[in-house]
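Good morning, colleagues. I should like to take you through one structure today, beginning with a single residue and then widening the view to the whole chain.

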Amino acid sequence: MRLIVLASGSSGNAALIESGGRALLLDAGISARETWRRLGACGLADVRIEAILLTHEHSDHVRGARVLARRLGVPVMATTGTLTAAASCLSDVPETIAIGRKDSFSVAGIKVRSFPTAHDAAETCGFTFESRRGHRIGVATDTGVVTGEVLAAMEGAHVIGLESNHDLGMLESGPYPPFLKRRIAGERGHLSNEAAAAALDALSWKGLSHVFALHLSEQNNTPEAARAALVAPLRARRGVTLETVGKNEIAACSL
Ligand SMILES: [Zn+2]
Ligand SMILES: [Zn+2]
């Protein structure tokens, strides 16, 4: 099984989860054309994408969903709240499939579980993906806090994609207006480097091999600050690779 992060951050989010030549797209927040271009750059132009799975309706996660779903002829899967909130961006897609926030289903031969995240959108969730061989990937972005449910879902994942949106000090002293600072730092906002580090510290799984720091703010974070925060809890876990994924960067790992 492979995780390929095609785009991450407020300008667009999309990732491919592939296993045995079959794949699903997790979020479609960059244009269809750019999604194809990046897939091609990874040698995945011919990969069989069987569904588009959405975490929530914000445009940095759904921007390309309509065109991609139509071109691929695949369903868009999301919670009822997300599908309703994103309805105007999903007109004419071949099919929409409603999932629960604590659901379990199979897509492209991959076992998918959803879990609730804490964000200012209708009905947000994160996901874990498990291959037939028992390899697990967990992705949680756009969450103001890491709840016990998020932690429980991530426990046992071999690869984790975790939001590391902002450095608290940079956000506080940065140029954003107070209401926006409060929104980002709030319980239904975005995850700070510090909170992401605390979440990693709380995980115990020995099989963890790779951590992707995702959804980094261009204004209130740097890859260096995110790395400095997240590397501390990983020091005790030898053999875990940490990678920050910036705007226009593609990152991938195989299990
Ligand atoms: Zn986002
Ligand atoms: Zn969002």
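Please look at histidine 166, which is found in the loop between β11 and α6, the latter spanning residues 168-173. Before going further, I note that this is a predicted model. Is histidine 166 buried or exposed? It has 30 C-beta neighbours inside 10 Å, and it therefore counts as buried, the threshold being 20 or more.

Which residues is histidine 166 in contact with, if we leave aside its neighbours within four places in sequence? They are Leu171, Ile184, His190, Ser192, Asn193, Ser217, Asn220 and Asn221. As a long-range reference point, take serine 10: it lies 156 residues from histidine 166 in sequence, and the two C-alpha atoms are 12 Å apart in space.

One of those contacts, Asn193, leads us to helix α8. The helix covers residues 193-202, and its buried residues are Asn193, Ala195, Ala196, Ala197, Ala199 and Leu200. Against what do the buried residues of α8 pack? Their partners are two helices, α5 (148-154) and α9 (223-234), together with two strands, β11 (159-163) and β12 (210-214).

Those two strands bring us to a sheet. Here 7 strands form an open sheet with mixed pairing, and the order is β7-β8-β9-β10-β11-β12-β13. At the edges stand β7 (104-107) and β13 (241-244); each has a single partner strand, so one side of each is left without a neighbour in the sheet. From one strand to the next, the twist averages 20°.

Within this sheet, consider strand β10, residues 136-140. With β11 it pairs in the parallel sense, over 4 bridges. In that pairing, glycine 138 stands opposite isoleucine 160 of β11. Helix α9 packs on the sheet, where it touches β12 and β13, and its direction makes about 160° with that of β13.

I turn now to the other sheet I wish to show. Again 7 strands form an open sheet with mixed pairing, this time in the order β6-β5-β4-β3-β2-β1-β14. Its edge strands, β6 (96-99) and β14 (251-254), each pair on one side only. Neighbouring strands are turned against each other by 20° on average, direction ignored.

How do β2 and β3 pair? Strand β2, residues 14-19, joins β3 in the antiparallel sense over 6 bridges. Leucine 16 has leucine 25 as its bridge partner in β3.

A helix also lies on this sheet. Helix α3 lies across β3, β4 and β5, and runs at about 145° to β4. The helix comprises residues 65-72, of which Ala65, Arg66, Leu68 and Ala69 are buried. These buried residues pack against β3 (22-28), β4 (48-53) and β5 (76-79), and also against helices α1 (32-41) and α2 (59-62). After α3 comes glycine 73, whose phi is positive, near 70°.

For a view from the strand, take isoleucine 49, which is found in β4. This residue counts as buried because it has 22 C-beta neighbours inside 10 Å. Outside the four places on either side in sequence, isoleucine 49 is in contact with Ala23, Leu24, Leu25, Leu72 and Val74. Between isoleucine 49 and alanine 69, the C-alpha separation is 9.7 Å in space, against 20 residues in sequence.

Let me now place these residues in a wider setting. In soluble globular proteins, nonpolar side chains tend to be buried together. In this model the largest nonpolar core has 71 residues, and Ile17, Leu24 and Ile52 have the most contacts inside it. Beyond four places in sequence, isoleucine 17 touches Met1, Leu3, Ala23, Leu24, Leu26, Ile110, Phe129 and Ile137.

Finally, the chain as a whole. It has 9 helices and 14 strands. Its radius of gyration is 17 Å, close to the 18 Å that the globule rule gives for 255 residues, so the chain is as compact as a globular protein of that length. Along the principal axes, the C-alpha trace spans about 45 × 40 × 35 Å. Buried residues make up 49% of the 255. Of the contacts with a separation of 6 or more, 65% are between residues 24 or more positions apart.

Methods. Residues numbered from 1 in each chain as written. Chains lettered and ligands numbered in written order. Predicted model: local features only at pLDDT ≥ 70, side-chain atom pairs only at ≥ 80, totals over all residues. Buried ≥ 20, exposed ≤ 12 C-beta atoms within 10 Å, placed from the backbone. Contact = placed C-beta atoms within 7 Å. Core = buried A, V, L, I, M, F, W, Y, C linked by C-beta atoms within 7 Å. Pairing = 2+ DSSP bridges. Axes fitted to C-alpha atoms, helices over the stretch in contact; angles between N-to-C directions. Rg over C-alpha atoms; globule rule 2.2 N^0.38 Å.
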